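Colleague: Could you take me through one part of this model in detail, the sheet in the first chain? Once that is clear, I'd like to see what else sits around it.

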Amino acid sequence: MRKFTFTVLILLIGMTLLIGGCSGDDGTTDGGDAMVFRYNVGTEPETMDPHLSTGIPEATIMLQIYEGLTRLNEDGLPEMALAESVDVSDDSMVYTFHLRDGLVWSNGESLTAEDFEKSWKRALSPELAADYAYMLWYIKGAEAYNSGEGSVDDVMVKALDEKTLEVTLEAPTSFFESLVAFKTYYPLYQPAIEADPEGWHTSADTIVGNGPFKLVSWEQGKMEFVPNDNYYDAEAVVLDRMVFSMVENESTELTMFETGEIDMTHTVPGQEIPRLEETGELHILPYLGTYYYIFQIEESPMDDVNVRKALTLAIDREAIVNNVTQGGQLPAYAYVPYGIPEPDGVDFREKGGDFFSYDIEEAQSLLAEAGYPGGEGFPSVEILYNTSEMHKMIAEAIQEMWKQNLGIENVTLTNQEWGVYLDTRDEGAFQIARAGWIGDYLDPYTFLDMWMTGSGNNNSRFSNEEYDSLLKDVRMTDDEVARMEMMHRLEEILMEEMPVCPIYYYTDPIMIKDHVKGYVNIATGGKDFKAAYIEQ
Amino acid sequence: MLGYLIRRLLSAIFAIWVVITVTFIFMHLIPGGPFQTEKAIPEAIKENIEARYKLDQPLHIQYLDYLGNVVRGDLGPSYKYRGQTVNDIISERFPVSLQLGLLTFVIAIVLGMGAGIVAALYQGRMPDYITMFFSTVGISVPSFILGTLLMYVFAFRLGLLPAAMWGTPQHVIMPAVALAGLPTAFIARLTRSSMLDVLNQDYMRTALAKGLSRLRIIWVHAVKNAIIPVITYSGPLLAAILTGSFIVENIFAVPGLGKHFVTSIYNRDYTVILGLTIFYSILLIGLNMFVDFAYTLIDPRIKLTGGKE
Amino acid sequence: MQYPKELFVRLTEKDVQAEIIRPSITYWQDAWRRLKKNPVAMISLIFIVFLLLVALFGPYFSPYSYSDQDFDRQNQGPSIEHPFGTDSLGRDQLVRVMYGARISLSVGFVASLTTFIIGVIYGGISGYAGGRVDNIMMRIVDILYSIPFLLWVIMLMVLFREIFPATGGGAGLYSIFIALGLVFWLPMARIVRGQILSLKEQEFALAAQTIGAPKWKILFRHLIPNAMGPIIVTATLSIPEAIFSEAFLSFIGLGVSAPMASWGMLASDALSSLRSFPHLLMFPALAISVTLLAFNFLGDGLQDALDPRMRK
């Protein structure tokens, strides 16, 4: 018998040596002083076709290898990129973009205005069925073609010559120059698409880009980029190589950061934040979004505005951001987040101010007014959230606050798997549901239009005539100042009626090594490493 | 025997068909769809997408179309990973899970059976207690805790192994150990207890009394008989670990197949759900068939055909 | 040959009693008698009883409830006031672990019980019948194995929300019992069936058959007791698996709703802050491990006690 155990032992030792011994090049170390940046993008991209992609990890990847007419800067404002200049007609309806001289694709072929026209029309084609095609609906004729009602020839985007692109809009759109920086507006290399319409973007070999970097390999959860020598602004690119990993687990990602396997993470585990703050490597980046609860306002007791207000006022938001989320989030006493500048340069939120505060007495009296003094007789209500540790903790904290502050004892918590949760919200089969919204572009409108009567995102079933007609006015006007005024009024209505209970404004807390410099964070999602470098 | 083999194959095909059908019905019954997102997309675009993937057709047509494609070996396109087919996903990720799974399996069998045999032979003595203690800890520490602890010790504290990712032999060690923990412990206990069953039987005492060498008895009788429950367990075990583990892949960022078994359901990525379910059920049913034949090799008295037929 | 009638005397009931030296005790009584002689198993049994008492009555002796929050004492390590420390919302971890025991223990019990009952009977019949019956029964097992568990769970969740809208779909522990009951007996059925296939061809089974013992009696009196070793090992394995599956199911949205939490849930929630607050993982994980150790030692003791060959 001893012989047998011995053999097993030898076998095991041999196996370990075999595995441990044949160490190969792990591909992340470079000889010499090459400047390599390693980032964890967080997940495998769902698709590498810029027109089809919807997620933020994809947006980050696309930002490195593609570029549109404009590119967003640190403040989220558009700067001329492939376009050298733009002329806007007096009625703000016609944009004429002038491309730079000598633009080429990463393979050296020349890039013309016609590429833009073809690409945008492709993004709109009903056969492609792109989720984000509606980002192009601002263009005249786009919605009709995309919906299968109009012809592709009526889409008002035209290459006047090799370097001039003329776009006619449906209505004045003040943020159109930021829109054209969005990935659905990227030009795509048509010969590659024609060669393999379905799979052209699934391999690094067939992807042809036009951005600061090009993708050289994509396999087994890892992407590698090198600078694109054909990029018009190639001198601005400093890095020699970039490696993106696709680690989803937050704790694993943090370990990799701490062992020096990556230079930047895509998120951090919320509970570790206090410890990480001490390292000085935790950075709280802006993120244009609001975390809120929605009330389903058709049914009792949430149909009573006083109940909604009482519940809203009785939440201690300072405690939530300081003790629960801990990621530098700001307590939300209004709906539209910080970070959207008005034409005069003042932040929309700062100008709008707070609409309410943490006020237990006021909340109690509102609840009494609604007929539930001291929480007595308040029917049982349910908070619905989708499966996530953080959502659960916030809901637990709020449940306790309502109990302590309002005397409401029977609040139950229900969590649902994502798909079921979305369905429950769509059907309005909830009383209070957790939700959140990240802005698509830098304008309050991206937060306000969802509360239109019957909007697909209006799960609260909120309906207000003044609100709807004001929204329409906002869409039609080209007077920037009046437009902002109207949007302040929209927010005011929302806060008077309170179909939504804002909780905090999102932030994007991530870990960044001190030697990483020059990256650009885009508040609507995505990171730009065009000018990033490693300080040596 | 040939008749049995044919019946067995037919019943396997029938079982796979039932699996496809039930899964198809279930996934369409549960709320949500593949193109539902938090930011609701306009109706017109939704219609475009549904038309593109033929989801606008009646369910029974979709079902029949799907069955037709499966027979031809085409598992369809993924709805979530646009541009990739289910066949792409399997052929890209299965090799990773296969490597990891086979190593895990070898560890579990060799270590588990070895420890179990030792424990049984030294019943009630130190080696027995030590093995049983570790195997109990092994089954009570699930892979997500074991994996996290391994990473903390070997990657963070000691810096001996890369924390995560895939590509070199070093990357395989921690996920394999994390995955092997529970099956190793279970096999050790299973081996020990069935060994003891055999060792206490009269014919063992007879054999010993006849003066046969102890080692020979252990090999010929005890281990051979004790191996039956281990083999029974190996069928489903192998099918499960070869198709990847969601938890371990997630912790160690292994680009294996396990992730898709879970995320496809969250994403309601219908074709991926069905494709992977078919893939798994073929493996499982095939391996279980193999297990049954292994029984007859180990113990020729075992009859699968039911004797008097 | 003729025997004189006088040689035969009819025995009275009393005489029969006198003939039997050993009192007739059942299989189970005998097993219990032998279990009592095993100190490790008895200590484990006492520990399990103690644990049950703590789970049932412990929370009433605590000044805190499982949901009392206090942001001033977040994530504190163990102290006299809070022997197990406090969690991320400043809740007393000890009382949460005690409440967690209720959930985890009942899930463990029910899972191992259903595994035992359904798995043993199903596997036993399949293996003993063999042939066509076996083929059909085992394909059903294969089918249940193959249909994704997560689909079952989401189906159940939706179903429970329809049936019991008031409970928000979690529907308490019953939904967990049903979800686990659906699939947890499958490995047991396969193990038992494999054992029976082999055992039924052995001499003692053939002997029983020859003397004309009824089939069910052969199966349940002779074959299954001889397969007890693997059966008990499999049943004890189902306890930790059930405890952690419960955590996963709660996470998805089945089972008891927050702020109540089971051991598995406490452990998995603590993982993301393991580096900063290891005590949050330590106590629930320790509770699980010690309990399982007790169950396993008891299981080993039971295996010896139930083994018919050990019967004297």
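**The sheet in chain A**

Modeller: Sure. This is a predicted model, and the part you're after is an open sheet of six strands in chain A, in the order β12-β16-β11-β15-β13-β14, with mixed pairing. Its edge strands are β12 (330-331) and β14 (411-416) of chain A, and each of them pairs on one side only. As a reminder, strands of a sheet pair through backbone hydrogen bonds, either parallel or antiparallel.

Let's stay at the β12 end. β12(A) is joined to β16 (residues 500-511) of chain A by two bridges, and the two strands run antiparallel. If you want a spot to click on, go to A:Leu330, which stands opposite A:Tyr505 in β16(A). Then look for helix α10 (residues 317-325) of chain A: it lies across β12 and β16 of chain A. Relative to β16(A), α10 of chain A runs at about 30 degrees.

Now for another spot in chain A. A:Gly55 is in the loop between β1 (36-40) and α2 (56-65) of chain A. Buried or exposed, or partly exposed, what does A:Gly55 count as? A:Gly55 counts as partly exposed, because it has 16 C-beta neighbours inside 10 Å. If you measure from there to A:Ala204, 149 residues apart along the chain, you'll find 19 Å between the C-alpha atoms.

Next, the side of chain A that meets chain B. The contact takes 50 residues from chain A and 48 residues from chain B. On chain A, α1 (2-21), α7 (250-258) and α14 (418-427) each supply at least two residues of the side that touches chain B. By type, that side of chain A divides into 16 nonpolar, 22 polar and twelve charged residues.

The partner, chain B, has twelve helices and zero strands. Its C-alpha trace spans about 85 × 65 × 30 Å along its principal axes. Of the 309 residues of chain B, 50% count as buried. For contacts in chain B with a separation of 6 or more, residues 24 or more positions apart account for 73%.

Chain C has 13 helices and zero strands. Of its 312 residues, 51% count as buried, and residues 24 or more positions apart account for 71% of the contacts in chain C with a separation of 6 or more.

Notes: Residues numbered from 1 in each chain as written. Chains lettered and ligands numbered in written order. Predicted model: local features only at pLDDT ≥ 70, side-chain atom pairs only at ≥ 80, totals over all residues. Contact = placed C-beta atoms within 7 Å. Helix = DSSP H or I, 4+ residues; strand = E, 2+ residues; numbered from the N terminus. Nonpolar A, V, L, I, M, F, W, Y, C, P; charged D, E, K, R; others polar. Buried ≥ 20, exposed ≤ 12 C-beta atoms within 10 Å, placed from the backbone. Pairing = 2+ DSSP bridges. Axes fitted to C-alpha atoms, helices over the stretch in contact; angles between N-to-C directions.
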